Amino acid sequence: MEVSLKHSGSLFMYAGHEGGAYAKNSFGNIYTAVGVFVLGRMFRETWGTQASKKQAEFNEFLERSRMCISMELVTAVLGDHGQRPRDDYAVVTAVTELGNGKPKFYSTPDVIAFCRKWRLPTNHVWLFSTRKSVTSFFAAFDALCEEGTATSVCQALDEVADISVPGSKDHIKVQGEILEGLVARVVKRESSEHMEWVLRDFPPPPLDVEGLDLGPTLREICAANRSETQQIKALLQSAGTAFCPNYLDWFGDDDSGSHSRNADRSVVSKFLQSHPADFSTGKLQEMVRLMREKRFPAAFKCHYNFHKINDLSSDNLPFKMVIHVYSDSGFRRYQKEMRHKPGLWPLYRGFFVDLDLFKVNEKKSAEMVRSSNEMVKNEEEDSSLADEDANLMV
């Protein structure tokens, strides 16, 4: 079993400067501007004089690999969660890639390896690999769940865990003693060996990097700018061009005269009627169709994708779709559907899709033949993700 700390903040997801920055069910707002600023500042803190080069490499890598990193964004400017944090920071909680058409979530050892390679902040993780240590964890949890603080909980888990991996961000120093909770999950038996291999091959990054002038802090920028629009502009400007080469997601496109992001509501129907160009599109259509037919408590909001405004034509319409599940009951109902249809893709909290609706020409037609061959190959393999997404959260 694997246990990690639950830092108390907001969900922030980042998929590269063109892939986009997202909050739980939205983008192009103060939450995502704060996230981009904090992420850019953390690169300057950990890479020093190499920061600009590494920021550009990181964004290019995410875009090329079709990856997204999810973080807990902890700040004092987006509302307090039980305790005002001592510092403004983020901790990486998940790394995903779409790969060859199936979403893949990295295991915790792989997340730690990824973060240490890019000097991103990691969480404190404990591994319990014997019956005795797992039993001791639950005994410690029962004793501490009402009044335990970060210090007493971390000390207790350090004593009973088989492997303890301290986070690069110490909860006590950056957030404080008030602990929102713990996340426990069942993992494969090989996780201990995998973790030991990662810790051996990916040592923590150096702490004594050649420093940079980091500029004003998040709190100073927000205090100096009264309106939310001013705050967003100041934060994006300070984040730098590697993380924010333009402000399209926040303020639209002046050149095209278009500021409204919201697309026509018929886009979802057109999407469902279209021929899927690849395997992942077909799986997404299956998912959206089922949720609409069964009247799930969810909205499929489509917005114009201003990053691809130059590709916009009557034959090519690029959108961003936000899948917003209004109620937790929607996730429970969807899991029941997955048990009946193991090939269904899982439903995620924080779910954004880049969507292109296009008419087929010769070039596109050749691409689609290649993609349809890939679809057949994917279908022949086990397309079930239900086992991977089974109820492993304790």
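Me: Is T108 buried or exposed?
Reply: In this predicted model, T108 is found in helix α3. Its relative accessible area is 15%, and the cut-off for a buried residue is under 20%. T108 is therefore buried.

Me: Which residues is T108 in contact with, leaving aside its neighbours within four places in sequence?
Reply: T108 belongs to helix α3, and α3 is one of the elements that the buried residues of α7 pack against. One residue of α7, M195, is itself buried. With sequence neighbours within four places left aside, the contacts of T108 are E2, V125, R185 and M195.

Me: Which residues of helix α7 are buried, and why do they count as being on the same side?
Reply: Helix α7 spans residues 191-201, and its buried residues are S191, S192, M195 and V198. They cover an arc of only 125 degrees around the axis, so they sit on the same side of α7.

Me: Which residues are exposed on the other side of α7?
Reply: The buried residues of α7 pack against α3 (108-118), β7 (125-127) and β8 (163-165). On the other side of the helix, the exposed residues are E193 and R200.

Me: Why is strand β1 described as largely enclosed?
Reply: Strand β1 covers residues 2-6. It is largely enclosed by the rest of the structure because the number of its five residues that are buried is four.

Me: How many bridges join β1 to strand β9?
Reply: β1 also pairs with β7, in the antiparallel sense and over three bridges. Strand β9 (residues 181-185) runs antiparallel to β1. The number of bridges joining β1 to β9 is five.

Me: What are the bridge partners of V3 in β7 and in β9?
Reply: β7 and β9 each pair with β1 in the antiparallel sense. In β7, V3 has W126 as its bridge partner. In β9, the partner of V3 is A184.

Me: Is V153 buried or exposed?
Reply: V153 lies in helix α5, residues 150-160. Its relative accessibility is 7%, against a cut-off of under 20%. V153 therefore counts as buried.

Me: What separates the C-alpha atoms of V153 and L179?
Reply: Not counting residues up to four places away in sequence, V153 touches L144, G148, L179 and L182. V153 and L179 are 26 residues apart along the chain. Their C-alpha atoms are separated by 8.8 Å.

Me: Which element gives the most residues to the largest nonpolar core?
Reply: This core has 41 residues, and Y14, V36, L39, F58, F114, L120 and L235 touch the most other members. Elements that each supply at least two residues include β2 (10-14), α2, β4 (67-74) and α3. The top contribution is 10 residues, from α1.

Me: Which residues does V36 touch, not counting those up to four places away in sequence?
Reply: V36 is among the residues that touch the most other members of the largest nonpolar core. With residues up to four places away not counted, V36 touches F12, Y14, A21, A239, F243, C244 and W250.

Me: How many residues are in the other core that lies apart from it?
Reply: Among the members of this other core are V267, F271, C302 and V325. The core lies apart from the one that has 41 residues. Its own count is 29 residues.

Me: Which lysines form a salt bridge with E57?
Reply: E57 and K53 both lie in helix α2 (residues 51-65), four residues apart, and their side chains meet at 3.4 Å, N to O. K54 is three residues from E57 in α2, so about one helical turn separates them, and the closest N and O atoms of that pair are 3.3 Å apart. E57 counts as partly exposed at 29% relative accessibility, while K54 counts as buried at 15%. The salt-bridge partners of E57 are K53 and K54.

Me: How far apart in sequence are the parts that D328 and R349 tie together?
Reply: D328 and R349 form a salt bridge, with the closest N and O atoms 2.9 Å apart. D328 lies in helix α13 (residues 328-340) and R349 in the loop between α13 and β12 (351-358), so the pair ties together parts that are 21 residues apart.

Conventions: Residues are numbered from 1 along each chain as its sequence is written. This is a predicted model: local features need pLDDT of at least 70, side-chain atom pairs count only at pLDDT 80 or more; totals for chains, interfaces and linings use all residues. Side-chain values use heavy atoms; hydrogens and water are left out. A salt bridge is a side-chain nitrogen of Lys or Arg within 4 Å of a carboxyl oxygen of Asp or Glu. Buried means under 20% relative accessible area, exposed over 50%, partly exposed in between (1.4 Å probe, protein chains only). The arc is that of the directions from the helix axis to the C-beta atoms. Contact means heavy atoms within 4.5 Å. A nonpolar core is a set of buried Ala, Val, Leu, Ile, Met, Phe, Trp, Tyr and Cys residues joined through side-chain atoms within 4.5 Å. Two strands pair if DSSP finds at least two bridges between them.
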